[in-house]
Amino acid sequence: MACLHRKDLGLLALRAAVGGVLFAHGTQKLFGWFGGAGPEGTAQAMEHMGFLPGERSAYAAGLGEAGGGALLAVGLATPAAGSIVAGTMAGAISVHAPAGFFAHGGGFEYPALLGACGLALGVAGAGRYSLDAALGHRLARPWMGALAFAASALGAAAVVTRRQEEVRRREARAADEAAREDGSGLS
């Protein structure tokens, strides 16, 4: 009987769970599967959250989740997949951060956990029960991981910064409108 390797089985289980959750969540955005809003509804939600343009943001988030999740689940290009997931979850964290940490209050606990799992899997590698191993790790070279994580970090920082600027602009406009309404009611 063949010897099963516990650490590799653990990586397989973690990849399947995290990748499966992300894939399902991304397909809600991309196709409206599993009760999701689909691209149109997700685009509207993204605009409401300050991600502009909404349609491009919806597709980017959906592809980051579904694509990164699928790659993690099968263990293909795992360093890049982990970085895609971590970067995508950074955007989700920026939305949930004002509500604090815990998910029950709308906080960032859940996307932080998914992003940390993606990061950890990208660093650790997929293990022997993966497409990366079957392909001789051609798509999982250490330099590829470093490059993917750097690109993901830069992209996430740009997206989050742009969103924060949009949210601040909206808050300033709302404050100006409220001040004008208060001032016009006094006349």
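This passage describes the helical architecture and selected local features of a predicted model.

The predicted chain contains seven helices and zero strands, and its order of elements along the sequence reads α-α-α-α-α-α-α. The C-alpha trace extends over about 90 × 35 × 30 Å along its principal axes. Of the 187 residues in the chain, 34% are buried.

Between α1 (6-31) and α2 lies a loop that includes F34. Although F34 is not a glycine, its phi is positive, near 55°. The residue is exposed, with a relative accessible area of 58%. The next loop, between α2 and α3, contains P53. The peptide bond that joins L52 and P53 is cis, with omega at about -10°. On either side of this loop, helix α2 covers residues 38-49 and helix α3 covers residues 54-74. The axes of these two helices come within 7 Å and cross at roughly 110°. An angle between 65 and 115 degrees counts as roughly perpendicular, and α2 and α3 are therefore roughly perpendicular to each other. Their crossing is right-handed.

Helix α4 comprises 19 residues, from 78 to 96. The distance from the first C-alpha of α4 to the last is 26 Å, close to the 27 Å expected at 1.5 Å a residue. The buried residues of α4 are T78, P79, A81, G82, S83, V85, G87, T88, M89, G91 and S94. In UniProt, an unreviewed entry assigns the feature "transmembrane region" to residues 80-103, 110-131 and 143-161. Within the model, residues 80-103 are 71% helix and 0% strand, and the end C-alpha atoms of this stretch are 27 Å apart.

Over residues 110-131, another of the stretches annotated by UniProt as "transmembrane region", the chain is 73% helix and 0% strand. The end C-alpha atoms of this stretch are 27 Å apart. Helix α5 spans residues 109-124. With 16 residues at 1.5 Å a residue, α5 should span 22 Å, and the separation of 22 Å between its end C-alpha atoms agrees with this expectation. The buried residues of α5 are P111, L114, G115, C117, G118, L121 and G122. Viewed down the axis of α5, these buried residues fall within an arc of 155°, so they line one face of the helix. An α-helix has 3.6 residues a turn, so residues three or four places apart point the same way. The face of α5 turned away from the buried side carries the exposed residues L113, V123 and A124. Just after α5, G125 adopts a positive phi of about 95°.

Further along the chain, H137 is located in the loop between α6 (131-134) and α7 (142-185). Phi of H137 is positive, about 60°, although the residue is not a glycine. H137 is partly exposed, with a relative accessible area of 36%, whereas F34 is exposed.

Definitions and conventions. Residues numbered from 1 in each chain as written. Predicted model: local features only at pLDDT ≥ 70, side-chain atom pairs only at ≥ 80, totals over all residues. Heavy atoms only, no water. Helix = DSSP H or I, 4+ residues; strand = E, 2+ residues; numbered from the N terminus. Expected span 1.5 Å × (residues − 1). Buried < 20%, exposed > 50% of the residue type's maximum accessible area, 1.4 Å probe, protein only. Arc of directions from axis to C-beta. UniProt positions renumbered as here; feature names shortened; annotations may be inferred. Axes fitted to C-alpha atoms, helices over the stretch in contact; angles between N-to-C directions. Parallel < 35°, antiparallel > 145°, perpendicular 65-115°, else oblique. Left-handed = near helix turned anticlockwise from the far one by under 90°.
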